[in-house]
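Trainee: Could we go through a protein together, with you explaining the terms as they come up?
Mentor: Gladly; let us look at it first.

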Amino acid sequence: MALFTLLQSLCSRVAQRSTVLALDRVGREAENALAGEPNREADMQRTATCHCGALKVIASGEPERVYLCHCQACQRRTGTAFHFGTSWPKSQVRIEGAHKIYERGADSGSKIRFYFCPNCGSNLYWESDRSPATCGVAGGAFTGSDLPSPESSIFEDDMHDWLGLPSVTEHHRQGRPPVTG
Ligand SMILES: [Zn+2]
Ligand SMILES: [Zn+2]
């Protein structure tokens, strides 16, 4: 009987976790269910917000990747010379507020979904079918400037000539090659 109860509790935890991993499109009520779980990554928290403040991403721990992208789609999407991106495991991010979605095909053939605030239009986070466990968050939307420096720079073929990149150690003329191993 005790074993059955344990199994029930395990299954319910797994169910809660997949809800969060699926980056729920209508809201994030389920994440509160995780609040009671021990989370070693929770020590460091950063909050990214849209222009009006209604949509938020709360990220725990450290990002997997901090990078710059010079592709033309990112230039148009952000309205700036390049895109400053951070990537996080979905298990480390929590979303608050209403959003809308713009989905498009990527060069790789997979789909990317961009989540933006219906009120102010800021594009705050995104996900790709190519990396379903990862959530991208706009680096410039985080409060403060304590994010790690970007380590890589992609699609440099489209980089503006006047732009210098002091901190980057990894340069790619096109996209970043798929991670192996
Ligand atoms: Zn907004
Ligand atoms: Zn790009």
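Trainee: Which residue in β8 is the bridge partner of Y115?
Mentor: That is Y125. Before we go on, this is a predicted model, where local features need pLDDT of at least 70, side-chain atom pairs count only at pLDDT 80 or more, and totals for chains, interfaces and linings use all residues. Residues are numbered from 1 along each chain as its sequence is written, while chains are lettered from A and ligands numbered from 1 in the order in which they are written.

Trainee: What makes β7 and β8 a pair?
Mentor: Two strands pair if DSSP finds at least two bridges between them. Five bridges join β7 to β8, so the definition is met. The two run antiparallel and form a hairpin with six residues between them. In that turn, G121 has a positive phi of about 85°.

Trainee: What counts as a strand here, and how many are there?
Mentor: Strands are DSSP runs of E with at least two residues, and helices are runs of H or I with at least four, numbered from the N terminus. The protein has eleven strands and two helices.

Trainee: How do you know that β8 also pairs with β9?
Mentor: Three bridges link β8 and β9 in the antiparallel sense, so they too satisfy the rule of at least two bridges. Y125 stands opposite V137 in β9, and two residues separate the strands in their hairpin.

Trainee: Why do β6 and β11 count as edges of the sheet?
Mentor: The open sheet has eight strands in the order β6-β7-β8-β9-β4-β3-β10-β11. β6 (100-105) and β11 (170-171) each have a single partner strand, so one side of each is left without a neighbour in the sheet. The pairing is mixed: β3 and β10, for example, pair in the parallel sense over three bridges, with L68 opposite S153 in β10.

Trainee: Why is a group of residues called a nonpolar core?
Mentor: The name is for buried Ala, Val, Leu, Ile, Met, Phe, Trp, Tyr and Cys residues joined through C-beta atoms within 7 Å. Buried means that 20 or more other C-beta atoms lie within 10 Å of a residue's own, with C-beta atoms placed from the backbone (12 or fewer is exposed, in between is partly exposed). The largest such core has 18 residues, and Y125 and V137 are among those touching the most other members. A second, separate core of seven residues includes L68, C69, F82 and I154.
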